[in-house]
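Student: Could you take me through this predicted model, beginning with the chain as a whole and then looking closely at one part of it? I would like a connected account that I can follow against the coordinates on my screen.

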Amino acid sequence: MMTDILRPQLAFHHHEGQTPTIIFLPGYASDMTGTKATALEAWAIAQGRAFIRFDYGGCGNSGGEFADQTLTGWRDDTLAIIDEVASGPVILVGSSMGGWLMLLAAKARPDRVAGLVGIAPAPDFTDWGFTTEEKVALMSAGRLERANPYGPEPTIYTRGFFASGEANRLMFGSFPFDGPVRLIQGQKDADVPWHRTIALAEILRSADVQTWLVKDGDHRLSRDTDITLLISAVEDVITAL
């Protein structure tokens, strides 16, 4: 399905069912066809639960150019899906950068976001995920390309996205969310150091926060055992509501 909410042609798949509605948020330069998104969708359909997966602007089947996107724009895409597509309370499931977006959306829609599940969540990665040399190159040239370990095309970062990320940092003080939270993190993750997920758990205001460490888990956490753990985390959050 396609929608013209907020930004042109956001592509999404929406299966109606029992609420809370589960919404999957992909990582940077990813889309809604990934293993975790489709596996969670299949589980939700089998359980009769409402589920949405979608592509941010400039990604997958959604409109727009990738190089024109910002973190703020993708946050607004997420809010549009919550406001215009989802029904009732929602549980946000954020993978990597999607974990940053789920926090920004929870802060913006405290009356709608009931629970959170983070998979190697990467809030503030513009702050810690680049070397000083990369930051200088990005700001001077306006563009940075990195080899992509998950595909043949390089991963592109832009000055606009970087500046937007820096303006939306949240890893300081206490984060105002009181619902149940489950964070899943691989300890062999080469992209998001596991201690950063521990730090995120510490700043969340909610008393119901659990961090599940997977000792041999990498960044993708897409193995069958990882998917089983993800489904268990979503079930756990639903039960805790």
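Tutor: The protein chain has eight helices and ten strands. Its radius of gyration is 17 Å, close to the 18 Å that the globule rule gives for 241 residues, so the chain is as compact as a globular protein of that length. Taken along the principal axes, the box filled by its C-alpha atoms is roughly 50 × 40 × 35 Å. Of the 241 residues, 52% count as buried, and among contacts with a separation of 6 or more, 72% are accounted for by residues that stand 24 or more positions apart. The surface that the chain exposes comes to about 10,500 Å², with 49% of it supplied by carbon and sulfur atoms. As for charge, there are 20 positive and 30 negative side chains, and the centres of these two sets lie 4 Å apart.

For the close look, I suggest strand β4, which spans residues 49-54, and in particular Arg-53, which has its place in that strand. Although its side chain is one of those counted as positive, Arg-53 is buried, because its relative accessible area of 10% falls under the 20% cut-off. The side chain of Arg-53 makes a polar contact with the side chain of Glu-41, at 2.9 Å. Glu-41 also appears among the residues that Arg-53 touches once neighbours within four places in sequence are left aside, and the others in that set are Phe-12, His-13, Phe-24, Met-32, Thr-33, Ala-37 and Thr-38.

The same strand can be approached from Thr-21, which is placed in strand β3, residues 18-25. Thr-21 counts as buried, with a relative accessibility of 1%. Leaving aside its neighbours within four places in sequence, Thr-21 is in contact with Ala-50, Phe-51 and Ile-52, and also with Ala-86, Ser-87, Pro-89, Val-90 and Ile-91. Ala-50, Phe-51 and Ile-52 are thus partners of Thr-21 that fall within the 49-54 span of β4.

Following the chain onward from β4, you come to the loop that leads to α2 (71-84), and Gly-57 is found in this loop. Despite its place in a loop, Gly-57 counts as buried, at 3% relative accessibility. If you want a distance to check on your screen, the C-alpha atoms of Gly-57 and Thr-158 are separated by 15 Å, while the two residues are 101 residues apart along the chain.

Key: Residues numbered from 1 in each chain as written. Predicted model: local features only at pLDDT ≥ 70, side-chain atom pairs only at ≥ 80, totals over all residues. Heavy atoms only, no water. Helix = DSSP H or I, 4+ residues; strand = E, 2+ residues; numbered from the N terminus. Rg over C-alpha atoms; globule rule 2.2 N^0.38 Å. Buried < 20%, exposed > 50% of the residue type's maximum accessible area, 1.4 Å probe, protein only. Contact = heavy atoms within 4.5 Å. Areas by Shrake-Rupley, 256 points an atom, 1.4 Å probe, with all protein chains shown as cover. Charge placed at Lys NZ, Arg CZ, Asp CG, Glu CD. Polar contact = N/O pair within 3.5 Å; in protein donor to acceptor, adjacent residues only side chain to side chain.
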